Amino acid sequence: MRRSTALRSAALSVGVAAALFASTGSATALDGNVLTNDSAGGTAVAVGDVLSAGLAEGTNATFFDSADGSTGVTCATSGFKATIGDNPTAPGTATGSLDSLTLTDCTANILGVTSVAITVDNLPYTLGVSSGEGNPVTISGEPMKISAELDTLIGKITCVYESTSISGSANNADNSIAFSKQEFTRSEGPSNCFSPGYFTATYSPIQNETAGGSPVFVN
């Protein structure tokens, strides 16, 4: 009887240990990283991977003279590349460097301006993508700079705008990152350079170039 009781006790102990192990293993498997390839909870985006995106189909990047205005610069083409420096277990914040940001095929509806060219200076910037409600995205620099070279009826003028940080959000539904009405203050240029300027753009799909163009998800 004692031997039978001991065996039952040992079997119970093994069963409990197995259940705990299975529970722990399951929790670990579900943890995942902040950024994953191909699906939410997929394989982790590796440190050093390069992410890129252009504008979402049918959209433009804009830089207007007021948050609710429509006067300023509209760019039909824009894109970025970023290198991932850290991708921790979710919830958390993945970080990296925004290595390039281009704004091309731009037009201006500013009185007296005949053409415009936009450059983004002081790169790289710091990129952060966080888990949580809205999947917040931040880009920061010391400072971030946008330069607009305008051809006007009286000659060329250059307007330079700066910000230390802008905020956006990531969306897994279309693998996008969107920025809406992010404010930049004029730091250089004549008085006919409007100030401040408000930047809006949606980039989609975000892809992992290093992983063969896999779509990137935020967890």
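The exchange below concerns the fold, strand pairing, aromatic pairs and salt bridges of a predicted model.

Colleague: Which numbering and which confidence limits apply here?
Modeller: Residues are numbered from 1 along each chain as its sequence is written, and side-chain values use heavy atoms, with hydrogens and water left out. Because this is a predicted model, local features need pLDDT of at least 70 and totals for chains, interfaces and linings use all residues, while side-chain atom pairs count only at pLDDT 80 or more.

Colleague: How many helices and strands does the chain have?
Modeller: Helices (H or I, at least four residues) and strands (E, at least two) are taken as DSSP runs, numbered from the N terminus. Counted in this way, the chain has 1 helix and 14 strands.

Colleague: What share of the residues in the chain is buried?
Modeller: Buried stands for under 20% relative accessible area, exposed for over 50% and partly exposed for what lies in between, with a 1.4 Å probe and protein chains only. Of the 219 residues in the chain, the buried share is 38%.

Colleague: Among contacts with a separation of 6 or more, what percentage joins residues 24 or more positions apart?
Modeller: A contact requires heavy atoms within 4.5 Å. Of the contacts in the chain with a separation of 6 or more, the part owed to residues 24 or more positions apart is 64%.

Colleague: Over how many bridges are E5 and strand E6 joined?
Modeller: Two strands count as paired if DSSP finds at least two bridges between them. Strand E6 covers residues 93–108 and runs antiparallel to E5; E5 and E6 form a hairpin with 6 residues between them, and within this pairing Cys75 stands opposite Cys106 in E6. The number of bridges joining E5 to E6 is 12.

Colleague: Which residue in E5 is the bridge partner of Phe64?
Modeller: Strand E4, residues 61–64, is joined to E5 by 4 bridges in an antiparallel arrangement. E5 also pairs with strand E3, residues 50–54, in the antiparallel sense over 5 bridges, and there Gly54 stands opposite Gly79. For Phe64, the bridge partner in E5 is Gly72.

Colleague: How many aromatic pairs are found in the whole structure?
Modeller: Rings of Phe, Tyr and Trp (its six-membered ring) pair if their centres lie within 6.5 Å, and planes under 30 degrees apart count as stacked, over 60 as edge-to-face and the rest as tilted. With these limits, the number of aromatic pairs found in the whole structure is 6.

Colleague: How many residues apart are Phe80 and Tyr203, which form an aromatic pair?
Modeller: Phe80 and Tyr203 form an edge-to-face pair, 5.4 Å centre to centre with 85 degrees between the planes. The pair links distant parts of the chain, with Phe80 in strand E5 (residues 72–86) and Tyr203 in strand E12 (residues 197–203). Phe80 is buried at a relative accessible area of 10%, and Tyr203 is buried at 2%. Along the chain, their separation is 123 residues.

Colleague: Why does the pair of Tyr161 and Phe194 tie together parts that are 33 residues apart in sequence?
Modeller: Tyr161 and Phe194 form a tilted pair, 5.7 Å centre to centre with 35 degrees between the planes. Parts 33 residues apart are tied together because Tyr161 lies in strand E10 (residues 155–171), whereas Phe194 lies in the loop between strand E11 (176–188) and E12. Tyr161 is buried, at 2% relative accessibility, and for Phe194, also buried, the relative accessible area is 17%.

Colleague: Which residues form one aromatic cluster?
Modeller: The cluster includes Tyr161 and Phe194, which themselves form a tilted pair. Its full membership is Phe63, Tyr161, Phe184 and Phe194.

Colleague: With which residue does Lys81 form a salt bridge?
Modeller: A salt bridge is a side-chain nitrogen of Lys or Arg within 4 Å of a carboxyl oxygen of Asp or Glu, and the structure holds 5 of them. For Lys81, which is partly exposed at 38% relative accessibility, the closest N and O atoms are 3.6 Å apart. Lys81 lies in strand E5 and its partner in the loop between strand E13 (207–208) and strand E14 (214–218), so the pair ties together parts that are 128 residues apart in sequence. That partner is Glu209.

Colleague: Which residues do salt bridges that share partners join into one network?
Modeller: Lys156, exposed with a relative accessible area of 56%, meets Asp151 in a salt bridge of 2.6 Å, N to O. Lys156 also forms a salt bridge with Glu149, the closest N and O atoms being 3.6 Å apart. Asp151 is partly exposed at 23%, and Glu149 is partly exposed at 38%. The network joins Glu149, Asp151 and Lys156.
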